[in-house]
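Q: Hey, got a minute to walk me through this structure? I'd like to start with the backbone and then see how the chains fit together.

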Protein chains: 10
Amino acid sequence: MEFLVRFESSPPADLSSEERDRLRASERARANELRAEGVLKRLWRVPGRRGVVGLWEADDATVLHDALASLPMFPWMDAVVEPLATHPQERQ
Amino acid sequence: MEFLVRFESSPPADLSSEERDRLRASERARANELRAEGVLKRLWRVPGRRGVVGLWEADDATVLHDALASLPMFPWMDAVVEPLATHPQERQ
Amino acid sequence: MEFLVRFESSPPADLSSEERDRLRASERARANELRAEGVLKRLWRVPGRRGVVGLWEADDATVLHDALASLPMFPWMDAVVEPLATHPQERQ
Amino acid sequence: MEFLVRFESSPPADLSSEERDRLRASERARANELRAEGVLKRLWRVPGRRGVVGLWEADDATVLHDALASLPMFPWMDAVVEPLATHPQERQ
Amino acid sequence: MEFLVRFESSPPADLSSEERDRLRASERARANELRAEGVLKRLWRVPGRRGVVGLWEADDATVLHDALASLPMFPWMDAVVEPLATHPQERQ
Amino acid sequence: MEFLVRFESSPPADLSSEERDRLRASERARANELRAEGVLKRLWRVPGRRGVVGLWEADDATVLHDALASLPMFPWMDAVVEPLATHPQERQ
Amino acid sequence: MEFLVRFESSPPADLSSEERDRLRASERARANELRAEGVLKRLWRVPGRRGVVGLWEADDATVLHDALASLPMFPWMDAVVEPLATHPQERQ
Amino acid sequence: MEFLVRFESSPPADLSSEERDRLRASERARANELRAEGVLKRLWRVPGRRGVVGLWEADDATVLHDALASLPMFPWMDAVVEPLATHPQERQ
Amino acid sequence: MEFLVRFESSPPADLSSEERDRLRASERARANELRAEGVLKRLWRVPGRRGVVGLWEADDATVLHDALASLPMFPWMDAVVEPLATHPQERQ
Amino acid sequence: MEFLVRFESSPPADLSSEERDRLRASERARANELRAEGVLKRLWRVPGRRGVVGLWEADDATVLHDALASLPMFPWMDAVVEPLATHPQERQ
């Protein structure tokens, strides 16, 4: 099942720049693993913002939640999840 | 996977009272079938309104959509679907 | 450039069922042409609603508008268009 | 009487990790007591968020408030309570 | 248990003035019965609008719903119900 | 004239618990004076929240403002005031 | 006491142009009476809309409601009333 | 002074196609006059919608209102006007 | 041209009470100058809040912005400006 | 392709006044470069606020995002981007 997930992360302002770099690198690494597993299918930037919109695939909302919660930025993430149903034209 | 579904139906005002009764009866009949199949698990009234909140279970959003679209009131339904993830306390 | 387009169409309630069928068929036909041209890339149903979310690609918002306006349902469509920027992870 | 309660807790960012663990443990313990008493009937995670949706049963809103206020996280909780009426189909 | 109920009724515009008068009279009569029963405790007008805010008392949301649904205007009513908890200062 | 007033107070998080207790006690004392004067007529808790809804009576909005501003919590209060008009059924 | 009142009127589309002219003339006449009585103090147009914003003075919300309800357009009016308190700088 | 004006027009659905064409032609003609007078400076389409965003210049909101009200579509227009202040960087 | 301006100021919580008093005094002094110049015509308190609604007059939005920005509280002000058009009844 | 971009920047309150001045100067310098490149076409102040509305031109949303992200204030910017389509009247 596919989900449209929109999120924006606000890590604490008082992180040192090394901590911030390390956080970003581990976020990217985990995102790449989720891509490799087919869970994260596409990711777009919302222009002008730090937020992203992504197309995710997971068996259900619990599996999706666990994937999102595995991202190192999760504690500072504000996410909105929208379930998607397959359109009849795409079943052809 | 469970979903919280909130909807309110507004069949056309110019239905005759027989048509309206027949529509309601067939809606109730189809809802009962969905209950028997385990798709519709609980249904509450939003007090003071004609709307309902329901707890539904379906493999994914596509199966849920097909269940909702099988209700005779569907053409006049305004629905909002919220995906639910299992809470760790409930997995115990 | 990609766009996320969300729309819901409400053709007049007094169409005969033949007119409605013809409208739907021509809508589907035009959507298929737009897919063949690579303008309409993906389409999902919003579960529980008649609305859809789609991923579209067009040179700019003017070309996108012309594509949407070429759909036979356009006169009764309520659409919201969101521009998408490529995410650095996808440029790799 | 049943209530749908949606809440999200934001304990202060400067808690030590022991304080945080102790808070979470006591929150879980109190939630389990409320389950045992039949006040907390179901709990779901909102996917992608730290928030939860729960189905609660209490004699009235005052008793429900006292139950929610007995949770150790209450001082940092942002909750919305929705009263539910029994649906005629469920009275059968 | 007390509830704050806000509603506005829009009976069809094509009622004859006799039908409208009869509807209003029966609405008033039913409201008076609900007052006599202690279900409707106070009623205010929202200034500048046809809407009202009322303080209602009922065992639970199901009993409240049945009271509201017994009003002749109910089919054309748009209501919002808010549950109220007793404030500790009022328990004294 | 009656007003419906909804407010929620957020005193600074760094108050000592004595300061907080003293603030609450003086808030309660001032609220009791306003009750005795007939300005504060009823007070309810919004279930699940620290907020309250109250029914107030004052000659006009200026007198009401002065009463609200006399509460020790006023500097940290987020209030919404709604004017109420007498309903014809209550004039009888 | 002063009130800020914002409203927009939508008389039925099927009025003949004479009925519409007569309605507008009687609306203007009644508004002028309310000005003469000091109830309607100022009136502005919201640019680009048929709506207006007005400054009204009335003893309380009930008297204000009766003034608004005396306007011939009242049955088709969508109004929002905001109570105003005198600012200390204006009491000087 | 410049204004950002956003509007969408919904002429009645039962206009004949000649009436509709005539209305559109006169709308376009009046818009061209307003351009020639320097009142309407730029006009964009909101992609996917019949609505437009425009940059207008007028001495004040009253003159702007009169310009908008001179458009033949005005009776069916839903407009929102936003005042713009010159940015210091543009005064250079 | 007249404007309706609604604002609420939140100076930093850590100002000393002298700094706060000095800020308020200079705010009041500047407001009085703007009144004397005819820019600030009326000011009301929003009951229950620290916010105000004011009626301002300025040649255009740029002049209005400069007047608002000249208030000592401006750096902590959250303002919403609404342009007003003269109502035909007031031109008489 | 043109975009309407609305943003408001909130650099940290604890910057020294030199840091703030340096930030503003570099923001202005970068804005001027973007103007010279034809990316930033117009900029207006939202009256009464620190926010701005701008008309931007970029090949697509990715190029626009990179331009906005090149502004020194970007880390503290809250932006909303709206895509604009050319209006047929402007193609003439």
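A: Sure. Let's begin at C:Gly38, which sits just after α1(C) and takes a positive phi of about 80°. Keep in mind that this is a predicted model.

Q: What does the helix before that glycine look like, and how far does α1 of chain C reach?
A: Helix α1 of chain C covers residues 17-36, so to speak 20 residues in a row. From the first C-alpha to the last, α1(C) reaches 28 Å, close to the 28 Å expected at 1.5 Å a residue.

Q: And what follows α1(D)?
A: D:Gly38 follows α1(D), and its phi is positive, near 80°. Helix α1 of chain D takes in residues 17-36, which is 20 residues, and it reaches 28 Å, close to the 28 Å expected.

Q: OK, switching to strands. What's the order of the open sheet of 5 strands?
A: The order is β4(B)-β1(B)-β3(B)-β2(B)-β5(D), with antiparallel pairing. The edge strands are β4 (77-83) of chain B and β5 (85-86) of chain D, and each of them pairs on one side only.

Q: How do strands hold on to each other in general?
A: Strands of a sheet pair through backbone hydrogen bonds, either parallel or antiparallel.

Q: How many bridges join β2 of chain B to β5(D)?
A: There are 2 bridges between β2 (residues 40-45) of chain B and β5(D), and the two strands run antiparallel. In β5(D), D:Thr86 is the bridge partner of B:Trp44.

Q: New topic: how many residues does each side bring where chain E touches chain B?
A: Chain E gives 10 residues to the contact and chain B gives 5 residues. On the side of chain E, the elements that give two or more residues are β1 (2-9), α2 (61-69) and β4 (77-83). The largest share there, 4 residues, comes from α2(E).

Q: Are the residues on that side of chain E nonpolar, polar or charged?
A: They divide into 9 nonpolar, 1 polar and no charged.

Q: What turn lays chain E on chain B?
A: A turn of 72° does it, with a shift of 0.0 Å along the axis and an RMSD of 0.0 Å. That is the relation of a five-fold axis.

Q: And what rotation superposes chain C on chain A?
A: That one is a rotation of 180° with 0.0 Å of shift along its axis, and the RMSD is 0.0 Å. This is the relation of a two-fold axis. The same surface serves both copies, as 100% of the contact residues of chain C recur in chain A.

Definitions and conventions
Residues numbered from 1 in each chain as written. Chains lettered and ligands numbered in written order. Predicted model: local features only at pLDDT ≥ 70, side-chain atom pairs only at ≥ 80, totals over all residues. Least-squares fit on C-alpha atoms with pLDDT ≥ 70 in both. Pairing = 2+ DSSP bridges. Contact = placed C-beta atoms within 7 Å. Nonpolar A, V, L, I, M, F, W, Y, C, P; charged D, E, K, R; others polar. Expected span 1.5 Å × (residues − 1).
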